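Q: I am new to this structure and would like a close look at a single part of it. Please take one helix and describe its surroundings.

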Amino acid sequence: MNISDPHLLELFVSSIDKNTSAIDAGLLELENQPENTDIINELMRSAHNIKGTSNLVGFAVLKDLSHSIENVMIDISAKKLSVSQLLISTLLKAEDLIKVLKNDFITEQPISEITGIISELEKLRAQQTENQSKNETPKTFDIDPESLSIYISDLEESIENINSALLQLEKNVQDKKNIESIMRFAHNIKGSSSMVGFTKMKELTHAIETIMSDISKDKIKVTSKLISTLLKALDTIINLKNEFKKGNITTDTSNIINELIAVSTQSFGSSAKDSSNTPIKNKEQSSDKKINILQKSDVKIEPVQQVKFNIKSIENMINLTRELTIVEAQLTETLNSMAVFSDASFTSKINQSVEMIFFMGKSIRLIQDEFMKSKMTPFSILLKNFPRMVRDLENSLNKKINLVIETSGTRLDQNIAEEITNPLIHIVRNSADHGIECPKERIKSNKPEVGTIKIYAYQKSEQIIITIEDDGKGIDEDQILSSAISKGLVSRDEAPSLSKSQIINYIFHPGFSTSKNVTEISGRGVGMDVVKEHIKKVNGTIELSTEKGKGTKIMLRIPSTMTIIPSVISDINGKILCIPAINVVKVLYITPSEIKEKDQTELLIIDGMAVPLIRLHSDIGGNPREYRGKYYAVVIGLAEKKIAILVDKLLKEQKIVVKPFGEILCSLKNLMGTTILEDGKIGFVLNVSNLVSNSYAL
Amino acid sequence: MNISVSYICFRLCEKYFCIKLEIIDSITPYQEIIELPYSINNVKGVIKYKTSVIPIIDLVKILKLSINEPAIMPSTKIIIAKYKDEIIGILADEVKGILDKNNFENNNLINIDFKDVKILELDKLLEP
C-alpha cells in the first residue's frame, strides 16, 4: 500500500503507536478495575483515534478492526457487556493484531487476516447482550440517576393521564380529545422508554398508540372490552414501571400485546357479534358531565416548573422561620420596654425600629407559608386512582356507580395524606359494597338506577373536611343494635336507652360487622375500626350519619399539617394550655348542676351522649378553684370519641408550633410538648389522643 | 477530681457543687420558672431559653438538700447545661466561679473559701 505523503505516514505511525500502547495499558488496568469508567472512556477514545487515522490513510482493514474494538468498549461503557477475562484477552489479541497490521502497512506486505478476531469480538458482544436483554435492568441503561428519576416521574404522570382519559373515553366515546390525549401520552412513554432502552415498555405503548390511532381514524370502534383490555395494558405498564424502579423486569408483555391486537381486530368495523363488543352508548351522559369537568380542573397536575426538595429540609426551614418569629416577638418586647425609659427622640427611633421589625416579621410569616405550601400535596392526587377503583367495583359488583369528586384545591402534608388514603379507599369500598344497591333494587325503591358516591373536600385554615356521601340503603340501626347485643357490647336492658348516634358508633368497635355475608370487596367488617385508627393517628375526627333507605354520610376532619397547629389557647390555674383546634368540637358554658356523676367519673350529656368530663386542675398544681356560677367546658373529639375538659378562661385562637418534649419531660403523657406563644409566654400543648384514650380506659 | 478538667462551681442550700465546664452552655439570671401542668419528679418547671422551652432540674429535691424551697436572691442564677440531646437548667443560689488547675495543689483545693465541693454528674443524677 502506498502513501505518497511521508508526513502523513509518520503521523499515522506515531498515532497508532501512541494509541496501541494506551490500549495496552488501559486493558490491563481495566482487568483490575472493570467498573472504572475513566479507563473505559480512554480505551474507547484510543480505538476511535485508530479508526480515524486508518480512515485518513485509507487503511480499511485496520479501520474495521478498530471499529470492532470501539463497539466492544461502547457496550462495556453502556454496561451491556461485563468485563471478563476472556474479553480482555480477546481485546489484547485484537490490539496485537493492530500492531501487526501497522507493520504490514508500512512495510507494504500483504495485510494479515482480521475476520477471525472480528468475529470473535462480535460473538462476545452478542452473547452478553443476549444475556442482558433476557434480564433487562436499569443498570444496563446508560443514563444518570437524575434522568432516570425524570423518566419515572414523566412516566407516572403519563400513566395517570392515560388512566383518567381512558375512563372518560368509556363514558363518552365521541370525545376525540380523550383519544388524542391517550395517543399523545402513549407516544410520550414510547419515546422516553426507547431513549432509556426500555424495550418492553416501548413495544407495549407502541401497541396502545396504534390502537388509539386506529380509533381516531374510526377504523376501530370503542367497546367496553377494548377499554378493559387497554386498562389491563395500563396495569401492565404500571407493573413494568415498578419493576423498572426496582431494577428487575420480569413481567411478560407479549400476552397483553397479543390481547391488544386481538381485541382491536375484533372491534374492527361493525362486524362484531359478541355482545360485549357492542359499541358503548354514551351511558349516563348527563350525570357524567359533572365528573368530567371536575376531573379536568382538578386531577391534572399544573405544568409549573418543579424542583424536587427534601421534606426534611423544608421542615427545618419552617422551624427556623418559626424561631425567627419568636426572636421577632422578643425583640419587639425588649424595644418596647426600652421606650419607657428613654427620652422622646430616642423613643421615636425605637418606635421606628419596632415598625421595621413588624414588617420583617410579616415577611418571615410569608416565607413560612410558602414553605408550608410547598411541603403539601394536592388532595386530588390521593384520589387519582379512585375513578378506576370505582369502575372495577362496578364491574365486580354488577352495580352502577357514579363517582363525584370535588376537592377545590385542598392541600395537605404528605405524611397525613399517606395516613388517610387507606381509610378513604375503605370508606368508598364500603359505600359501593354495602351502601349502593344493585340497579334492580334501586329502581324498585324509586331511586335512579345509577348510584352516586360523592367525595367532597374543603379546607378551613389548617383543617380539611372530607365528606363521603352515598345515596345507598344506609345503615340499619336495628341490625347494628342486635349485632352489638349478640356480641355482648351492650346489654339487652341498656339497649332502649341508647341514642341513635350511640348505636351508630358501635360500627367503630373492633371486629364489628353488620354485613351478613363477608365479601371480597370490604372484608369482614374490621373496616371502620381500621379507619378509626388511621384517623386517630393524625388527630382527626370522624362522624357518621345515616338514614335508612337514603344513604350514609361520613365526615372526616383532619389537620392538613402537623407542623403548625391552630390551637385554642385556654387558661387553667394560670397555666396556658393549648388545645389543637381540630379536636375542639364545641365550647359549652355550663352550670355545676349539668355535671352528672356515674361510677365516680363526672359526665356531661352532650347531644344525648354521655361524655367524660376531665378536670386538669389537680394535675396542674395549685388549688382547684371553687366554682361559683358557670364553667367553660371544652368538648374535644378524637376519631369517634369525645371528652370534655374544664378550663378557667378561653384566651384566643392561635397557630402554634409544638416543640415535643425531650427525654426528661416525656413522661408527661397528657401533653405533647411546649410552645412559645406570640406574646412570648410558654404554653403547654395537650396530647389529645393520650388524654382521650386515658379517659376511656378508666 | 480530675485536675485537667475545668469545673464551674456553685452554691445551693449552703452546699457547694461543681459541674464540668464543657457541658455548660451558659449562665443566665434568674427568670420565673413555670410549673408544669402535671407534676413530674425531679423537674421544677420550664423556662424560655433562646427560642426553646427547657426543663429546670430540681436539685434540691433530687439531692434532698432542704425541705423548703431556697429563696430567690439577686445572686440566684440558672446554669444552662447540655444533657444528652437536650438542654436543661439548674438553679443555683450563687455561682462561685471556675475551678481549674490553678485551684489545685497536690490534689487539694486551694485559694478558695470553702473546702467541701461535690462534683455533680448529670448522667448519674438524672438516670431514673
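Which elements of chain A do the buried residues of α15(A) pack against?

A: The model is predicted. In it, the buried residues of α15(A) pack against two helices, α6 (145-171) and α16 (414-435), and two strands, β2 (401-406) and β4 (451-460), of chain A.

The helix itself comes first. α15 of chain A covers residues 386-397, which makes 12 residues. From its first C-alpha to its last it reaches 16 Å, close to the 16 Å expected at 1.5 Å a residue. Pro387(A), Val390(A) and Leu393(A) are buried in α15(A). Seen down the axis of α15(A), the buried residues fall within an arc of 120 degrees, so they line one face of the helix. After the helix comes Asn398(A), whose phi is positive, near 55 degrees.

The strands β2 and β4 belong to an open sheet of chain A. This sheet has five strands in the order β2-β4-β5-β7-β6, with mixed pairing. β2 and β6 (541-547) of chain A stand at its edges, and each has a single partner strand, so one side of each is left without a neighbour in the sheet. On average, neighbouring strands here are turned by 10 degrees against each other, direction ignored. α15(A) lies across β2 and β4 of chain A and runs at about 165 degrees to β2(A). α16(A) also packs on the sheet, where it touches β2, β4, β5 (463-470) and β7 of chain A. The direction of α16(A) makes about 175 degrees with that of β7(A).

At the β6 edge, β6(A) and strand β7 (residues 551-559) of chain A run antiparallel and are joined by seven bridges. One pair of bridge partners is Thr541(A) and Arg557(A), the latter in β7(A).

Chain A holds another open sheet, with six strands in the order β10-β14-β15-β13-β12-β11 and mixed pairing. Its edges are β10 (584-590) and β11 (596-598) of chain A; each has a single partner strand, so one side of each lacks a neighbour in the sheet. Neighbouring strands of this six-stranded sheet are turned by 35 degrees against each other on average, direction ignored. Within it, β12 (residues 601-606) and β13 (residues 609-615) of chain A pair in the antiparallel sense over four bridges. Leu603(A) stands opposite Pro612(A), which lies in β13(A).

Some figures place these parts in the whole chain. Chain A has 22 helices and 19 strands. It has 698 residues, of which 36% count as buried. Among contacts in chain A between residues at least 6 apart in sequence, 69% join residues at least 24 apart.

Chain A also touches chain B: 22 residues of chain A are in contact with 19 residues of chain B. On the chain A side, the elements that give two or more residues are α12 (311-341), β9 (575-580), α21 (617-620), β18 (671-676) and β19 (682-686). The residues of this side divide into 12 nonpolar, five polar and five charged.

A loop residue gives a contrast with the buried face of α15(A). Asp252(A) sits in the loop between α9 (224-246) and α10 (254-266) of chain A. Asp252(A) has 10 other C-beta atoms within 10 Å, so it counts as exposed. Its C-alpha atom is separated by 8.3 Å from that of Lys200(A), a residue 52 residues apart from it along the chain.

Note on methods
Residues numbered from 1 in each chain as written. Chains lettered and ligands numbered in written order. Predicted model: local features only at pLDDT ≥ 70, side-chain atom pairs only at ≥ 80, totals over all residues. Buried ≥ 20, exposed ≤ 12 C-beta atoms within 10 Å, placed from the backbone. Contact = placed C-beta atoms within 7 Å. Nonpolar A, V, L, I, M, F, W, Y, C, P; charged D, E, K, R; others polar. Pairing = 2+ DSSP bridges. Axes fitted to C-alpha atoms, helices over the stretch in contact; angles between N-to-C directions. Expected span 1.5 Å × (residues − 1). Arc of directions from axis to C-beta.
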